[in-house]
Amino acid sequence: MSLASRESVRSTGNVKSSRYRTVSRYSGADETLFGSPKKGANKSAPAPKKEEVSVITKDLIRKIKVPAKDPSELSIVLTSAEYSRIKGAAKVLTPEEKAARARAVKAMKEEAQAASQDRKNYMTEMEHRD
């Protein structure tokens with residue numbers, strides 16, 4: 001193929017690019033990486049009908065769809081410590097509480113710095129004695 005004909009083919013898109021080779025038209029990445037393959041992945045198959053229950057009251061009739069899966073299977077159990085941690089992390093602090101926490105953190109840092117300075121002074125004093 002000549003250079004001019006390659007350019008025209010690229011602009012019209014009739015020939016696939018030589019840099020990318022399609023392995024499959026359908027990607028299986030989601031199914032293989034994050035779970036078992038879905039059964040009946042054929043797109044032409046009709047969707048299964050969901051069960052409906054009619055609820056009749058004095059003034060109306062309703063049709064309610066019954067869930068296919070039991071929602072209790074999706075529930076998780078948290079320990080009291082984990083629940084307390086999540087609950088504490090979700091609390092919104094007032095400006096006064098934020099300031100009080102900042103003062104407490106600053107005081108702790110100053111205490112640690114003072115203790116470090118005392119150790120440093122002690123070590124330099126011990127070096128000069130020798």
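**Exercise 1. Work out how strand 1 and strand 2 are put together.**

Solution. Start with the pairing: strand 1 (residues 52-56) and strand 2 run antiparallel, and five bridges join them. Keep in mind that this is a predicted model.

Next, look at the connection. The two strands form a hairpin, with four residues between them.

Now pick out some partners across the pair. Glutamate 52 has lysine 65 of strand 2 as its bridge partner, and valine 53 stands opposite isoleucine 64.

Last, check how covered strand 2 is. It spans residues 61-65, and of these five residues the number buried is zero, so the strand lies largely in the open. Here, buried means under 20% relative accessible area.

**Exercise 2. Put the hairpin in the context of the whole chain: which elements does the protein have, and in what order do they run?**

Solution. Count the elements to begin with: there are four helices and two strands.

Then walk along from the N terminus. The order is α-α-β-β-α-α, so you can place the strands after two helices and before two more.

Finish with the surface. Buried residues make up 1% of the 130 residues. The accessible surface comes to about 13,400 Å², and carbon and sulfur atoms account for 56% of that.

**Exercise 3. Find the salt bridges and say how exposed their residues are.**

Solution. A search of the whole structure turns up three salt bridges. As a reminder, side chains of opposite charge can pair when their charged atoms come close. Let's take the pairs in chain order.

- Step 1: In helix 3, the side chains of arginine 85 and glutamate 82 meet at 2.8 Å, N to O. Why is the spacing handy? Because the two are three residues apart in helix 3, about one helical turn separates them. Glutamate 82 counts as partly exposed, at 32% relative accessibility.
- Step 2: Glutamate 97 and lysine 91 meet through their side chains at 3.8 Å, N to O. The cut-off for a salt bridge is 4 Å, so this pair qualifies. Glutamate 97 is partly exposed at 31% relative accessibility, while lysine 91 is exposed at 52%.
- Step 3: Glutamate 125 pairs with arginine 129, with the closest N and O atoms 3.2 Å apart. Both belong to helix 4 (residues 95-129), and because they are four residues apart there, about one helical turn lies between them. Glutamate 125 is partly exposed at 42% relative accessibility, and arginine 129 is exposed at 62%.

**Exercise 4. Which residues form a nonpolar patch on the surface, and where does Ile86 fit in?**

Solution. First, name the members: Ile76, Leu78, Tyr83 and Ile86. Together they have about 420 Å² of accessible area.

Second, locate isoleucine 86. This residue is found in helix 3 (residues 80-89), the helix that also holds the arginine 85 and glutamate 82 pair.

Third, check its exposure. Isoleucine 86 has a relative accessible area of 39%, so it is partly exposed. A patch residue needs over 30% relative accessible area, so isoleucine 86 clears that cut-off.

Conventions: Residues numbered from 1 in each chain as written. Predicted model: local features only at pLDDT ≥ 70, side-chain atom pairs only at ≥ 80, totals over all residues. Heavy atoms only, no water. Patch = residues over 30% accessible without salt bridge, like charges linked within 9 Å, V, L, I, M, F, W, Y side chains within 5 Å. Areas by Shrake-Rupley, 256 points an atom, 1.4 Å probe, with all protein chains shown as cover. Buried < 20%, exposed > 50% of the residue type's maximum accessible area, 1.4 Å probe, protein only. Pairing = 2+ DSSP bridges.
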